[in-house]
Amino acid sequence: MRLKDKVAVITGSSRGIGREIAETFAREGCDMVINYYSDATSAAQIEKKIRDIGRSVLVIQADVTKRKDIQRLFFEAITHFGRIDILVNNAGINKRGFFTEITDEDWDMIMNVNLKGPFICCQEIFSYMKEQGSGRIINISSVAGQYHGPKTVHYAVSKAGLNSLTKVIARYGAPHNILVNAVAPGIILTDQTRDELSSVAGRNVIDMTLLKRPGNLEDVANTCILLASEEQNYITGQVISVSGGAYLG
Ligand code: NAD
């Protein structure tokens, strides 16, 4: 029970990587705030799963790009649980396209969800964690933010920005025992990436990893456990790449 009686908020946790992190945290003894954007049915499924594990859970709809939604989310979470120990900024979107094809609308959409959303969440949670005298923030970035992939210009830039935001917030957090890190997955096998992985482009990406396979959801979730738990209290301002050695291959 590495997160026994902690409370975590995970944005965009009704499916995919966020859902896996939520279930893994709950199995480690953590109470959960599940945030979803539009899929209430999936959110209800994960809510049941966490109750079955034996932990408390609160499900809150909120759009991470809207400050008022995020203020409401944290207020409801604090009112219910009395504290928030861990924030995982997981909500994120992607849209493939070459540099010349990206519209202003595409750019704004990706930046808003992937970068402005975590900025708002970090800013809004900061005063709560400061008052508690402790906190852990984990930003789910991407190896794209380190590789600067040509087919995902806006996505790569948003994740590079998130890596930078991680380091800046780590500076602000340090005097208050708030540790801030990013986890940067490579290509992870999820329902959303299954098709991409079987395409030529997907196979090329896998060929560029040292381990020659996609990662699993557990690889990402277990890295988040390490960063969230008090097994370690000395990692902050880091981007941990969970990518099978992507792009070193
Ligand atoms: P996903 O699409 O399954 O999950 C993303 C979640 O974010 C969804 O639940 C979605 O509803 C939510 N979301 C989107 N916009 C939102 C908003 N405005 N407000 C609140 N929630 C919103 O994708 P995933 O693969 O699970 O990705 C999760 C995170 O991991 C993302 O940040 C993504 O960039 C990152 N990532 C994924 C991979 C991968 O291979 N799957 C690789 C690298 C990084």
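Tutor: Ala, Val, Leu, Ile, Met, Phe, Trp, Tyr, Cys and Pro count as nonpolar here, Asp, Glu, Lys and Arg as charged, and the others, Gly among them, as polar. The model is predicted: local features need pLDDT of at least 70, side-chain atom pairs count only at pLDDT 80 or more, and totals for chains, interfaces and linings use all residues. Residues are numbered from 1 along each chain as its sequence is written, and side-chain values use heavy atoms, without hydrogens and water.

Student: How do the residues lining the second largest pocket divide into nonpolar, polar and charged?

Tutor: A pocket, on a 1 Å grid over the protein atoms alone, is an open set of points where a 1.4 Å probe fits, with protein on both sides within 12 Å along at least five of seven lines; lining residues have an atom within 4 Å of a point. The lining includes R15, R19, E20, E23, D191 and R194, and also G16, T190 and Q192 as well as L189 and L217. The division is two nonpolar, three polar and six charged.

Student: Which helix gives the largest share of the lining of the second largest pocket?

Tutor: Helices are DSSP runs (H or I, at least four residues) and strands likewise (E, at least two), numbered from the N terminus. Four residues of the lining come from one helix, residues 16-27. That helix is α1.

Student: How much space lies in the second largest pocket?

Tutor: The volume is the space filled by probe spheres set on the grid points, which are joined across faces, edges and corners. For the second largest pocket it is about 160 Å³.

Student: Which residues come nearest to the ligand?

Tutor: A residue is near the ligand if one of its heavy atoms lies within 4 Å of it. This shell divides into 12 nonpolar, 12 polar and three charged residues, and α1 and α6 (153-173) each supply at least two of them. Of the 27 residues around the ligand, the nearest are R15, I17, N90, Y155 and I188.

Student: How far is the polar side-chain atom of K159 from an oxygen atom of the ligand?

Tutor: A polar contact is a pair of N or O atoms within 3.5 Å; within protein, one must be able to donate a hydrogen and the other to accept it, and residues adjacent in sequence count only if both atoms are side-chain atoms. The backbone takes part at I17, where an N or O atom lies 2.8 Å from a ligand oxygen, and at N90, where a polar backbone atom is 2.8 Å from a ligand oxygen. K159 instead uses its side chain, and the distance is 2.9 Å.

Student: What percentage of the accessible area of the ligand does the protein cover?

Tutor: Accessible areas come from the Shrake-Rupley method with a 1.4 Å probe; for residues, only the protein chains shown count as cover. On its own, the ligand has 820 Å². The covered part is 90%.

Student: Is N114 buried or exposed?

Tutor: Buried means under 20% relative accessible area, exposed over 50%, and partly exposed in between (1.4 Å probe, protein chains only). N114 sits in helix α4 (residues 104-132), and a polar atom of its side chain lies 2.9 Å from the backbone nitrogen of I93. Because its relative accessibility is 1%, N114 counts as buried.

Student: Which side chain makes a polar contact with that of N139?

Tutor: N139 belongs to strand β5 (residues 135-140). Its relative accessibility is 0%, so N139 is buried. At 3.0 Å, the side chain in contact with it is that of T166.

Student: Is Y37 buried or exposed?

Tutor: Y37 is in the loop between β2 (31-36) and α2 (40-53). Its C-alpha is 11 Å from that of G92, a residue 55 positions away in sequence. With a relative accessible area of 54%, Y37 is exposed.

Student: What is the phi of D5?

Tutor: Most residues other than glycine have a negative phi. D5 lies in the segment before β1 (7-10) and is partly exposed at 48% relative accessibility. It is not a glycine, yet its phi is positive, about 65°.

Student: Where is N177, with its positive phi near 60°?

Tutor: N177 is another residue other than glycine with a positive phi. Its relative accessibility is 42%, so N177 counts as partly exposed. Its place is the loop between α6 and β6 (178-185).

Student: How far apart in space are K66 and K116, C-alpha to C-alpha?

Tutor: K66 is in the loop between β3 (57-61) and α3 (67-81), and is partly exposed at 45%. In sequence, K66 and K116 are 50 residues apart. In space, the separation is 9.2 Å.
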